[in-house]
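Reader: I am new to this structure and would like a close look at a single part of it. Could you take one strand and follow its surroundings outward?

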Amino acid sequence: DVASITGEICCDNGESIVVWSEDFSIPEIANNNKHADWLEDNGDKIVKNHGYVPGENAGVMDGHYAVTSNTSAIRNGTGILADRYDHTSNDGSGGFLFVNVGATAVNALLFEKLITGFCEEIPYNFSLWLLQVEGYGVDANLRFEIEAELTDGTNKILANRPTGTIMKETNDDNDQWRKYGVSFTVPKNTDKLYLRVYNFSSSGDGNDLCFDDLVLSACQPTLS
């Protein structure tokens, strides 16, 4: 159920290629209550301004996060959450990123992914699926930012787009995942790309977010 896709470019030839993706399918957390971290290949943390919570059935309170296969493996400030599975498999065999947004994270960076190795001067789409797992309290509101680091040492913002209010769950079905995204074109002489998501809302009850199926795709060039 795609409720909201912001600014997604349609490729001229209808073809796109996946440059990078993350579905959090970590074998050791499948169908159990274990948690995992989300790190770059070099060990740097991708989630920012929040602390990782390891263990089983651990309390992921305000200001913390974990990769898990089921929200029932998480205790937030109001207790154990109802069963919610990942968007990819919808059966607990996959995983997703859960972030209990912290009180000090208003207008703060939630996560940042570094991308290298890409084509220049073609359109790209960055999208992800979101689920807000509490049907009351603070409304979630995020902002996408894409920044290019150029070979001359300067930086350029390529996209800056808010999601608007992210709808809360309204029933007990696992059908409330919604897709959000942003599109941009990579300029010449780009060395690195940074995919960022910022939080726009306060903490407290609500603003407990699940992220899954992050994809950076590029329009395939039309050969002439």
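Author: What follows is a walk from strand β12 to its partners, its charged side chains and the cores and rings beyond.

This is a predicted model, in which local features need pLDDT of at least 70 and side-chain atom pairs count only at pLDDT 80 or more, while totals for chains, interfaces and linings use all residues. Residues are numbered from 1 along each chain as its sequence is written, and side-chain values use heavy atoms, with hydrogens and water left out.

Strand β12 covers residues 190-199; strands here are DSSP runs of type E with at least two residues, numbered from the N terminus. Eight of the 10 residues of β12 are buried, so the strand is largely enclosed by the rest of the structure, where buried means under 20% relative accessible area, exposed over 50% and partly exposed in between, with a 1.4 Å probe and protein chains only.

β12 has pairing partners, and two strands count as paired if DSSP finds at least two bridges between them. Strand β7 (residues 109-115) runs antiparallel to β12 and is joined to it by six bridges, with I115 standing opposite L193. Strand β9 also pairs with β12 in the antiparallel sense, over nine bridges, and here L142 stands opposite N199.

Charged side chains also link these strands. Side chains of opposite charge can pair when their charged atoms come close. A salt bridge is taken here as a side-chain nitrogen of Lys or Arg within 4 Å of a carboxyl oxygen of Asp or Glu, and a search of the whole structure finds six of them. One of them joins E112 to R196, with the closest N and O atoms 2.5 Å apart; E112 lies in strand β7 and R196 in strand β12, 84 residues apart. R196 also meets E147 in a salt bridge of 2.4 Å, N to O, and because E147 belongs to strand β9 while R196 belongs to β12, this pair ties together parts that are 49 residues apart in sequence. E112 and R196 are both buried, and E147 is buried as well. A further salt bridge connects R143 with E145, whose closest N and O atoms are 3.4 Å apart, and both of these residues are buried. E112, R143, E145, E147 and R196 are linked in a network of salt bridges. R143 has another contact to note, since its charged end sits over the ring of Y198, 4.3 Å from the ring centre; this description applies if NZ of Lys or CZ of Arg is within 6 Å of the ring centre and within 35 degrees of the ring normal.

From β9 the view can be widened to the nonpolar residues. A nonpolar core is a set of buried Ala, Val, Leu, Ile, Met, Phe, Trp, Tyr and Cys residues joined through side-chain atoms within 4.5 Å. The largest such core has 44 residues, and W38, L97, F111, F126, F184 and F211 are those with the most contacts inside it. Strand β9 (residues 140-150) contributes the largest share of this core, six residues. A second, separate core of 11 residues includes V60, F96, V133 and W177.

Residues of both cores also appear among the aromatic pairs. Rings of Phe, Tyr and Trp (its six-membered ring) pair if their centres lie within 6.5 Å, and planes under 30 degrees apart count as stacked, over 60 as edge-to-face and the rest as tilted. The structure holds seven aromatic pairs. In one of them, F96 and W177 are edge-to-face, 6.1 Å centre to centre with 75° between the planes; F96 is in strand β6 (residues 96-100) and W177 in the loop between β10 and β11, 81 residues apart. The rings of Y124 and F184 have their centres 5.8 Å apart and their planes at 10°, so this pair is stacked. Y124 and F184 are both buried. In addition, F24, W38, F111 and F211 form one aromatic cluster.

The last stop is a strand next to β9 in the numbering. T163 lies in strand β10 (residues 155-166) and is buried, with a relative accessible area of 10%. Leaving aside neighbours within four places in sequence, T163 is in contact, meaning heavy atoms within 4.5 Å, with N141, L142, F144 and Y180.

How values were computed
Helix = DSSP H or I, 4+ residues; strand = E, 2+ residues; numbered from the N terminus.
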